[in-house]
Amino acid sequence: MKKASISLSSLLYLLLVATPGLGQLQVNPKAQTPLLETSRTDTTLFPRYKVSTYGIGSATIRDPAISPLRYQGVLLSFGGSRLKYKPKFLSISTLEFKVAPALFNDFTENAIQEIDIRYSYAMLKPIKVSPRGFSFFAGGYGGLLVNNRVANNNVNNVVSFDYVVSFGITGLAQKKLKLGNSELMLTEQISLPLLSATMRPPFAWPEPYYLKPEGNLSDGIRLGSWNTYFELKNQFSIDYFSKVKHRKKIIGRDSWRLSLLYEYINIPTVNELQYGSFIVSLGKIIRF
C-alpha cells in the first residue's frame, strides 16, 4: 500500500511541477469552480455541483475479529458528492457505498464479504497565497463510517463491524491547465482525523456480544485520537469536458471527473484492524 501512495504522490508532483506555463487562467476567487467555468460576479447565486461516481479497485484487510490472516480482492464503489463554492468557504458533502463481494486469502478457501457506508461533510476556507496559479483550501470535516463484514464459512466469529464517528482536518489544492484545446482541473485532497469515537468487537465472538444479558455496550466503544482511529485519505481528481454532438454538430459539452482514491485505516484495539484500498472512479458533474 505504501508503494501505491508514493506512486500517486509522485504522479501529482510531476503533473503540477512539470507544467508551470500552463493553465494560467485568471478567475475571480468568488467565481472559482472545479469545472473551469467563469461565473457572473454580479449575481447572488453561488456555483453548486453534484458528482455521481462509479468506481472499481482493490482492498486489502486484516481483521482478527474474523481471521488473523490477510484477505484481499475487488472493491466496487458508488457514491455522490455536492460542492458549493462561496467567497469565504467551500463546502463538500459526500455519501459513499463500497462493496467487496469476496475478499480471499491465498491459504484458505474462505471468503469475506464487506459492505461499507460513509458520509462526510467538510468546510474549507480559501487561502489567499496561490503561487503558480494554484488555489488552496484548508478546513475541517466530520465523518461517519458504518462497516460490516461477514465470513459465512466460519464456525465462530462470523460477523465483524466498525462504527466510527470522526472529526479531522482536510486540505485541498487545485490547478487549472489548458493542454491544446482541452481544459482540465487537477485537484488533490488529503484528510486526517484528530478526534474519534469507535465501536468494534472487543474480542472474537460467535454472536453479537452486546445482545447478551451480560453484554455491555461500552466495552466496544473507545474515545480518542490516533490511538483509537487513524485514517489517511488521499484523492487525486481530474475534471474535464467531453463534446456533445447531434447530427455531427457540437451542441454542448458534458463535465466529467476521473478520480484516484487511496485510503488506509488502522483501528489499534485488541482486535487491531488494518485496511487499505485503491479505487479508480468516474463521475458526471452537474451544475444546479
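Ser237 is found in strand E9, which covers residues 230-246, and this residue offers a convenient place to enter what is a predicted model. Ser237 counts as buried because its relative accessible area is 3%, under the 20% that sets the limit for that word. Its side chain makes a polar contact of 2.9 Å with the side chain of Ser259. Leaving aside residues up to four places away in sequence, Ser237 touches Met185, Leu186 and Thr187, and it also touches Arg257, Leu258 and Ser259.

From this single residue the view can be widened to the chain. The protein chain has 1 helix and 11 strands, and when these are read along the sequence the pattern is α-β-β-β-β-β-β-β-β-β-β-β, with the helix ahead of the strands. Of the 288 residues in the protein chain, 42% are buried. Among the contacts between residues at least 6 apart in sequence, 65% join residues that are at least 24 apart.

What empty space does the structure hold? Rolling a probe the size of a water molecule over the atoms shows where empty space is left. The structure holds 2 cavities of 30 Å³ or more, and the largest cavity contains about 720 Å³ of space. Its lining is made up of 39 residues, and those that lie nearest the centre of the cavity are Thr94, Glu96, Ser120, Lys233 and Gln235. By residue class, the lining of the largest cavity divides into 16 nonpolar, 18 polar and 5 charged residues. Strand E2, residues 70-85, gives the most to this lining, with 7 residues.

Strand E2 appears again when one turns to the nonpolar cores. The largest nonpolar core has 17 residues, and Leu103 and Ile265 are those with the most contacts inside it. The elements that give two or more residues to this core are strand E1 (48-62), E2, strand E3 (90-105), strand E10 (249-267) and strand E11 (273-287), while the largest share, 3 residues, comes from E11. Leu103 can be followed outward to its neighbours: beyond the residues up to four places away in sequence, Leu103 touches Ala59 and Ile61, then Tyr71, Gln72, Gly73 and Val74, and also Asn110, Ala111 and Ile112. A second, separate core of 12 residues includes Val51, Leu90, Ile92 and Tyr141.

Tyr141 also leads to the next residue, since it is among those that Thr170 touches. Thr170 lies in strand E6, residues 159-179, and is classed as buried because its relative accessible area is 5%, under the limit of 20%. Which side chains does the side chain of Thr170 meet in polar contacts? One polar contact, of 3.0 Å, joins Thr170 to the side chain of Gln189, and another, also given as 3.0 Å, joins Thr170 to the side chain of Ser191. Besides Tyr141, the residues that Thr170 touches include Ala122, Leu124, Phe137 and Ile190, not counting residues up to four places away in sequence.

A charged residue can be buried as well, and Arg149, in strand E5 (residues 134-150), gives an example. Is Arg149 buried or exposed? Arg149 is buried, because its relative accessible area is 0% and the limit is 20%. The side chain of Arg149 makes a polar contact of 2.5 Å with the side chain of Asp162. Arg149 and Gln113 are 36 residues apart in sequence, yet their C-alpha atoms are 5.6 Å apart in space. Leaving aside its neighbours within four places in sequence, Arg149 is in contact with Gln113 and Asp162, and further partners include Ile61, Ile112, Glu114, Arg200 and Leu273.

The last stop is a loop residue. Pro268 lies in the loop between E10 and E11, the two strands that were named above as contributors to the largest nonpolar core. Pro268 counts as partly exposed because its relative accessibility is 27%, a value that falls between 20% and 50%. Pro268 and Tyr229 are 39 residues apart along the chain, and their C-alpha atoms are separated by 7.0 Å. Tyr229 is also one of the contacts of Pro268, together with Arg222, Trp226, Asn227 and Thr228, once the neighbours within four places in sequence are left aside.

How values were computed: Residues are numbered from 1 along each chain as its sequence is written. This is a predicted model: local features need pLDDT of at least 70, side-chain atom pairs count only at pLDDT 80 or more; totals for chains, interfaces and linings use all residues. Side-chain values use heavy atoms; hydrogens and water are left out. On a 1 Å grid over the protein atoms alone, a cavity is a set of points where a 1.4 Å probe fits but cannot get out, and a pocket is an open set with protein on both sides within 12 Å along at least five of seven lines; lining residues have an atom within 4 Å of a point. Grid points are joined across faces, edges and corners, and a volume is the space filled by probe spheres set on the points. Helices (H or I, at least four residues) and strands (E, at least two) are DSSP runs, numbered from the N terminus. Buried means under 20% relative accessible area, exposed over 50%, partly exposed in between (1.4 Å probe, protein chains only). A polar contact is a pair of N or O atoms within 3.5 Å; within protein, one must be able to donate a hydrogen and the other to accept it, and residues adjacent in sequence count only if both atoms are side-chain atoms. Contact means heavy atoms within 4.5 Å. A nonpolar core is a set of buried Ala, Val, Leu, Ile, Met, Phe, Trp, Tyr and Cys residues joined through side-chain atoms within 4.5 Å.
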